[in-house]
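Biologist: I am new to this structure and should like to understand the terms applied to it. Please set each value against its cut-off as we proceed.

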Amino acid sequence: MSSPQVRLHQILDWDSPQQNAGLRRELAIGLLQTQASIAPKFFYDKLGSRLFEAITELPEYYPTRTEAAIFIEHLPAIRQALGADFTLIDLGCGNCGKAGRLFHAGVLPSRYVAVDISVEFMRDSLQQLKRELPAIEMIGIGLDFTHELELPDDLPLERRMFFYPGSSIGNFNPPEARQFLRRLADQADASGGLLIGVDLIKETALLDAAYDDALGVTAAFNRNLLRHVNARLDADFDISDWQHVAFYNAVDARIEMYLEARRALTASWPDVAGRNLRQFAAGERIHTENSHKYSPEGFTALLASAGFGDIRMWTDPRKWFALFFARPAK
Ligand code: AVJ
């Protein structure tokens, strides 16, 4: 039996020598900084995407299920905001579960564009979704959209609805988030829009637990980053030397995640000139993620400053999470 077709564009390609060199350089630069860092996009190899999926099922990790409840509660208003005959552009689609739930609830685009850095995982998820909903045109784009958002040339400009759920916008600091949102506003016309999920500022204990769960899934997700880096960079991190650290920084309104060295050690990886070394003292940390939290007013102001108007917000009864819809102000 032939299965319905999805169109795939693989822009991100670890096998392209040029891109590979660029990504390795990016990793090396981060590791060699005084405060070592690895960008959160490197979490998402295939296992990382699966571990994130597991995180969303943890009792402590409220964002995914709270956002899903907001969708159910406010479905008629969301449907009305999106209108009909639109293109849904899903940024960081992961397993396409959030879009799939929307479709199964009867909010149907004419075209679905799934964008994710985890190319294989996206392709498998999208093909599964296409089997369930063959009438929707589906396009998959393997792309690191934190660098640039390259959409296919033949994608109509009208009624582009950017979909950025889950509070992934929190990975950017506020000025970077503004710049990213501005790029989205530039890639749609007045008939388009943005549907975006944002995690709200709340009690520290709830935030700390959501990013340091009792079962240790978030710790595994964080430490898996080193497996991915070992594979991509031919580095020699010993994962058992590293522990998960996550806490809410109330001054900057963000979760900060690190990997902390349990002992003094050296990590190394090859480069053109031989081998690169990075020494770590016991207790020294690699920064792996920020997850910024917003107030409703703060995020509304951010959207407005990025060129969006017509801003609407829906939230849950505890005001833990918010869903915003806005249109490019043109
Ligand atoms: C996928 C970026 C939304 O910040 O909550 C979850 C990633 N990291 N637990 C988040 C994450 C640790 C997640 N985002």
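Biologist: Why is N276 called buried?

Modeller: This is a predicted model, and in it N276 has a relative accessible area of 18%. Buried means under 20%, so N276, at 18%, counts as buried. The residue lies in strand β10, which spans residues 274–280.

Biologist: What makes the pair of N276 and D271 a polar contact?

Modeller: The side chains of N276 and D271 are 2.8 Å apart at this contact. The cut-off for N or O atoms is 3.5 Å, and 2.8 Å is within it, so the pair qualifies.

Biologist: How do you know that R278 and E284 form a salt bridge?

Modeller: Their side chains meet at 2.6 Å, taken from N to O. A salt bridge requires a side-chain nitrogen of Lys or Arg within 4 Å of a carboxyl oxygen of Asp or Glu, so the pair of R278 and E284 at 2.6 Å satisfies the criterion.

Biologist: Which of the terms buried and partly exposed applies to R278, and which to E284?

Modeller: R278 has a relative accessible area of 10% and is buried, whereas E284, with 22%, is partly exposed. The limit for buried is under 20%.

Biologist: What makes D252 and R254 a salt bridge?

Modeller: The closest N and O atoms of D252 and R254 are 3.9 Å apart. Because the limit is 4 Å, this distance is accepted. D252 itself is partly exposed, its relative accessible area being 39%; that term covers the range between 20% and 50%.

Biologist: How many salt bridges does a search of the whole structure find?

Modeller: The search finds 17 salt bridges. One of these joins E120 and K46, with 3.3 Å from N to O. E120 belongs to helix α6 (residues 119–132) and K46 to helix α2, so this pair ties together parts that are 74 residues apart in sequence.

Biologist: Why are E120 and K46 called partly exposed?

Modeller: The relative accessibility of E120 is 44%, and that of K46 is 29%. Partly exposed lies between the limits of 20% and 50%, so both residues receive this term. K46 and E120 are also linked with R123 and D124 in a network of salt bridges.

Biologist: Why is strand β11 described as largely enclosed by the rest of the structure?

Modeller: Seven of the eight residues of β11 are buried, and the description therefore follows.

Biologist: How do you know that β11 pairs with strand β8?

Modeller: Strand β8 (residues 254–261) and β11 share seven bridges in the antiparallel sense. Pairing needs at least two bridges, so the seven found here suffice. In β11, S291 is the bridge partner of I255.

Biologist: Which residues are the closest to the ligand?

Modeller: Of the 14 residues that surround the ligand, the closest are Y61, G166, Y211, E289 and S291. An oxygen atom of the ligand is 2.5 Å from an N or O atom in the side chain of Y61, and for the side chain of Y211 the distance is likewise 2.5 Å. A polar side-chain atom of S291 lies 2.7 Å from a ligand oxygen atom. The protein covers 96% of the 350 Å² of accessible area that the ligand has on its own.

Biologist: Which elements supply at least two residues each to the shell around the ligand?

Modeller: They are α2 (46–55), α9 (217–233) and β11 (285–292). By character, the residues of the shell divide into seven nonpolar, six polar and one charged.

Key. Residues are numbered from 1 along each chain as its sequence is written. This is a predicted model: local features need pLDDT of at least 70, side-chain atom pairs count only at pLDDT 80 or more; totals for chains, interfaces and linings use all residues. Side-chain values use heavy atoms; hydrogens and water are left out. A residue is near a molecule or strand if one of its heavy atoms lies within 4 Å of it. A polar contact is a pair of N or O atoms within 3.5 Å; within protein, one must be able to donate a hydrogen and the other to accept it, and residues adjacent in sequence count only if both atoms are side-chain atoms. Accessible areas come from the Shrake-Rupley method with a 1.4 Å probe; for residues, only the protein chains shown count as cover. Helices (H or I, at least four residues) and strands (E, at least two) are DSSP runs, numbered from the N terminus. Ala, Val, Leu, Ile, Met, Phe, Trp, Tyr, Cys and Pro count as nonpolar, Asp, Glu, Lys and Arg as charged, and the others, Gly among them, as polar. Buried means under 20% relative accessible area, exposed over 50%, partly exposed in between (1.4 Å probe, protein chains only).
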